[in-house]
Structures are given as structure tokens and as C-alpha cells.
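Here is a short report on a single chain. It covers sheet layout first, then charged side-chain pairs.

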Amino acid sequence: MNKKLLTNTQIFEIKNYFSDKLCQKLNLSFVQAPLFLPANNGVNDWLNGVEPPIIFKAKNNSSYEIIHSLAKWKRIKIGEYQIPLHNGIVTNMIAIRQTEDLDSIHSYLVDQWDWEMHIEKEDRNVKYLKNIVNKIAKSIYETQEFLCKKYSNLKRNIDSANVTYITTQELEDKYPDKTPKEREYLICNENKGRLIFLMQIGGKLKSGISHDGRSTDYDDWTLNGDILVYNKAIKSSFELSSMGIRVDANSLKSQLHEKGMYEKAAKFSYHQNILSTKLPLTIGGGIGQSRLFMLLLNKKEIAEVQVSDFEDKKESL
């Protein structure tokens, strides 16, 4: 079989197998996802608060913006669809991020499993967060094992479904003279073959800086994190997922004030509904599809698993 055609076949096998595992373990149902939302209504992902979305005007003079992710949209849908407790939704999300710096693992196109679960107040704790991370880790590991049994030439990146947990402050304490990205590489390199869950991203550390930027209005910065792994093909740390327990009224207010964004957010119905406790409590995140394809298929370039525009005009899939 042609190499590119084989890669396409393997990609769809991964999508189908992993989707089934994720839905089984987290009680998720697939829903249709939008490519764009009404402009300036506060529902699109603000990312780090500085990346502008692509905005276009339709024939009827209405303005729309291409999504960055569906973090907030999913929480609204959990309520609209009346999803029961400890059940959720998942989409095959496609987004465009026009300000992305292109390299071997980034393109303008972002594809991910965007998922969200309905939880209750008692679930807003680290123990519950870790329980969900463990289920995602098992889905990733089981998908790797399925693929490696079918294609014996593929090399394993993950030795087990076990997860190493560490907070951003613990990581800074461990490597105080390193940058955040250097710390991520070091912890992944020390734990080759294991998935890492780096917790508590967004707030300031003892050094006075944040480990990484996080939008103020979906993850609770004390109850979130990234799933990382050492990628043997590119010899680097590799982010597979960003996720977390979503903000409640108190954490939203605190995070908005910390970033000086309270006045901007307070005018939107999404934020008003959280502050007045009208939206359901949820946990959710995004799991990178092209990232998982790269990892499981031992690919060095995102262009090998995705059709987009790339640095130096690399030939895409």
C-alpha cells in the first residue's frame, strides 16, 4: 500500500478505536461541532487573552468568528442537552489559529477531541480530576497496544497506563533555574515511557510568573493540567491534552480579577450565568488528534498526519 494511504488508514483506525474507548470510559456521546460562532459573544475560547480569532461577515451582515476551541460552548450544551451527572459530550473539533507559530508540531489547523462532562460540587477536587486523567491515560495506552499489535513495525512510546502527577510549583522547585518548557522536557525525559500530568497551570508561581498561559474563564487554575509524554521520535516533551475542572463562580471571579478582565467578561451572558450559578458544573478538555496520530505512528512532523499549511511549505499528508 502507498505510504501516505497507509498513514490515512491508520489515522482513521486510531480515531475510531480511541473515540470508542474514550466514550466508554467517560460516558460520552458524540455531538456535532460548530466551525464558527457569533462574533464577540464571549463563548469562543480566549486562549491566552491576546490571540485574535478570524472574523468574517455573512450576507445578512452578521459577524462570526472561527473557533479557537469549544471549551465554553460545550458547557452550555451540557445544560441545553440536559446531560445527566457523570455523563458528557465529545466532538471532533476543527479550529483555525491564525497567530500560531509554525513548527514540526504546530500548524494553523487544530484538530482535537473536545469533551465535557457534567459533575457535581463534591467532584471539584484533585482526587476526582486524577480519576478522569487515569481513564484518559488508559484510553491512550489501550489504543497504542491495539495499533502495535496490528502493525509490528510501530514503536511504543508508553510502557503502561500509569500516570506521574506533579504540580507546576513542584516542577519549578525541582528546576528553579530552568524555563517552563525546559522543565517540561526534563520531567518527561526522566519519566520516559510514562504519561505525565502537569497540574495547576495559569496562576502565578512563587517566582512571580505563570508556568504557561490559560484562559481565565473555563479551567479552574487550581484543578487543571496538561497530559505530557516523552516522544521518542522527536526526542522531546510532547503535549497531548489540556484539561481541567471548570470554573465555578468564585474561581471565575478570582481569575478574571487577577488578569484585569472582570469588566470585559461581566457583560457576557456566559460569564453572568456562571457567576449566578445557572450553568452546570463540568470538567472537560481537548485531546489533540494530530498529536496522538504523531505519537502512535512515530511521526516526526505534523505534516505527516495533517493537511494544512506548514513551516517551509513542507509537503502535507
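What follows describes a predicted model.

**Sheet**

Eight strands form an open sheet with mixed pairing. Their order is S1-S5-S6-S11-S10-S9-S8-S7. Strands S1 (28–30) and S7 (163–167) are the edges, and each pairs on one side only. From one strand to the next, the twist averages 25°.

At the S7 edge, S7 and strand S8 (residues 195–199) run parallel, joined by five bridges. Here Thr 164 stands opposite Ile 196 in S8.

Helix H9 (residues 289–296) packs on the sheet. Helix H9 touches S5, S6, S9, S10 and S11. Its direction makes about 140° with that of S10.

**Salt bridges**

The count comes to 17 salt bridges. Among them are these three:

| Pair | Closest N to O distance |
|---|---|
| Lys 150 – Glu 13 | 2.4 Å |
| Glu 142 – Lys 25 | 3.4 Å |
| Glu 184 – Lys 181 | 3.5 Å |

Lys 150 in helix H3 (residues 126–150) and Glu 13 in helix H1 (residues 3–26) are 137 residues apart, so this pair links distant parts of the chain. Lys 150 is partly exposed at 49% relative accessible area. Glu 13 counts as buried, at 16%.

Glu 142 and Lys 25 also link helix H3 with helix H1, 117 residues apart. Glu 142 is partly exposed at 25% relative accessible area. Lys 25 is partly exposed too, at 23%.

Glu 184 and Lys 181 both lie in helix H5 (residues 180–190). They are separated by about one helical turn because they are three residues apart. Glu 184 counts as buried, with 4% relative accessibility.

Salt bridges with shared partners also join Lys 74, Asp 114, Glu 116, Asp 219 and Arg 246 into one network.

Key:
Residues numbered from 1 in each chain as written. Predicted model: local features only at pLDDT ≥ 70, side-chain atom pairs only at ≥ 80, totals over all residues. Heavy atoms only, no water. Pairing = 2+ DSSP bridges. Helix = DSSP H or I, 4+ residues; strand = E, 2+ residues; numbered from the N terminus. Axes fitted to C-alpha atoms, helices over the stretch in contact; angles between N-to-C directions. Contact = heavy atoms within 4.5 Å. Salt bridge = Lys/Arg side-chain N within 4 Å of Asp/Glu carboxyl O. Buried < 20%, exposed > 50% of the residue type's maximum accessible area, 1.4 Å probe, protein only.
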